[in-house]
Amino acid sequence: MKEKIIFATKNRGKIKEINMIMEDTNYEVISMEDAGINIDIVEDGSTFLENAIIKAKEVMKIAECIVMADDSGLEVDYLDKAPGIYSARFGGENTSYRIKNKMIIDKLEGVEEKDRTARFVCAIAAVFPDGEILTTRGTVEGIILHEERGNNGFGYDPIFYVPEYSCTTAEMDNEVKNKISHRGKALRSMKAKMKSYRNGCN
Ligand SMILES: O=c1nc[nH]c2c1ncn2[C@H]1C[C@H](O)[C@@H](COP(=O)(O)OP(=O)(O)OP(=O)(O)O)O1
Ligand SMILES: [Mg+2]
């Protein structure tokens, strides 16, 4: 039987991607909802990594298996890396991504291509029942478009254009997004770290 990992997120888009990436492991990733955990976590850290650790530790207080969490967001260079750790709260917590995306586009009005650089960042923390904490980070570079393109993914994907693939992350299949994404990179590093931790190599 596969060992359970609770992923401390309420974001269904993340869970879908994470399940695909973890499919080839001996772990079964379950959401907080599946674990019957319904708590609101205050993300008051000052970095992606701090927030990922806060989320994982908070759920670990009421769990008995490995708990993982992801804190991620969009850094737009022209906006001094905003919205960054405030990506989910940008323009208000309950504002739709259609509006959030429009707000980013508007803030970049008249800004030329070379200054529209941005990246998605993902920090992942895994907290073990023995107190051990493993952390990883991944990024993917892109350009902010002038309009939304694509219906896949979630969040800021429709405005995040990846030049090497000539499309937005919302126009990619899940497999392709996972291959190149901040979350894919961070989670694959985490799989490797967990493997060596569990093999006693650390
Ligand atoms: O691949 C992505 N494609 C598009 N947008 C993305 C991506 N990854 C993060 N993002 C954006 C969405 C959200 O505005 C913020 C994450 O905020 P973040 O607090 O980590 O997640 P969340 O509040 O949606 O769920 P939770 O905290 O329960 O895991 O960055
Ligand atoms: Mg959040």
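Two residues are taken to be in contact if their C-beta atoms, placed from the backbone, lie within 7 Å. In this predicted model, contacts between residues at least 6 apart in sequence were examined, and 59% of them join residues at least 24 apart.

The protein contains five helices and eight strands. Along the sequence these elements follow the pattern β-α-β-α-β-β-α-β-β-β-β-α-α. A compact globule of 202 residues would have a radius of gyration near 17 Å, and the value for the protein, 17 Å, agrees with this. Along the principal axes, the C-alpha atoms fill a box of roughly 55 × 30 × 30 Å. Of the 202 residues, 37% are buried.

At the start of the pattern, strand S1 (residues 3-7) and strand S2 (residues 27-31) run parallel and are joined by five bridges. Within this pair, Glu3 of S1 stands opposite Tyr27 in S2. The connection from S1 to S2 passes through helix H1 (residues 12-22), forming a right-handed β-α-β crossover.

The largest nonpolar core comprises 43 residues. Those that touch the most other members are Ala8, Ala56, Val67, Met68, Ile124, Ala125 and Ala126. At least two residues of this core are supplied by each of S1, H1, helix H2 (48-60), strand S3 (66-76), strand S5 (117-127), S6, strand S7 (160-162) and helix H5 (182-198). S5 provides the largest share, nine residues.

Ile124 lies within the range of S5 (117-127). When residues up to four places away in sequence are not counted, Ile124 touches Ala52, Met68, Asp70, Thr135, Thr136, Ala186, Leu187 and Met190. Among these partners, Met68 is also listed with the core residues that touch the most other members.

Arg137 is placed in strand S6 (residues 133-144). This residue has 18 C-beta neighbours inside 10 Å and therefore counts as partly exposed, since a buried residue requires 20 or more and an exposed one 12 or fewer. Beyond its neighbours within four places in sequence, Arg137 is in contact with Leu49, Cys122, Ala123 and Ala186. Ala186 also appears among the residues touched by Ile124. Arg137 and Ser189 are separated by 52 residues in sequence, while their C-alpha atoms are 7.9 Å apart in space.

Conventions:
Residues numbered from 1 in each chain as written. Chains lettered and ligands numbered in written order. Predicted model: local features only at pLDDT ≥ 70, side-chain atom pairs only at ≥ 80, totals over all residues. Pairing = 2+ DSSP bridges. Helix = DSSP H or I, 4+ residues; strand = E, 2+ residues; numbered from the N terminus. Right-handed = clockwise from strand over helix to strand, strands pointing away. Rg over C-alpha atoms; globule rule 2.2 N^0.38 Å. Core = buried A, V, L, I, M, F, W, Y, C linked by C-beta atoms within 7 Å.
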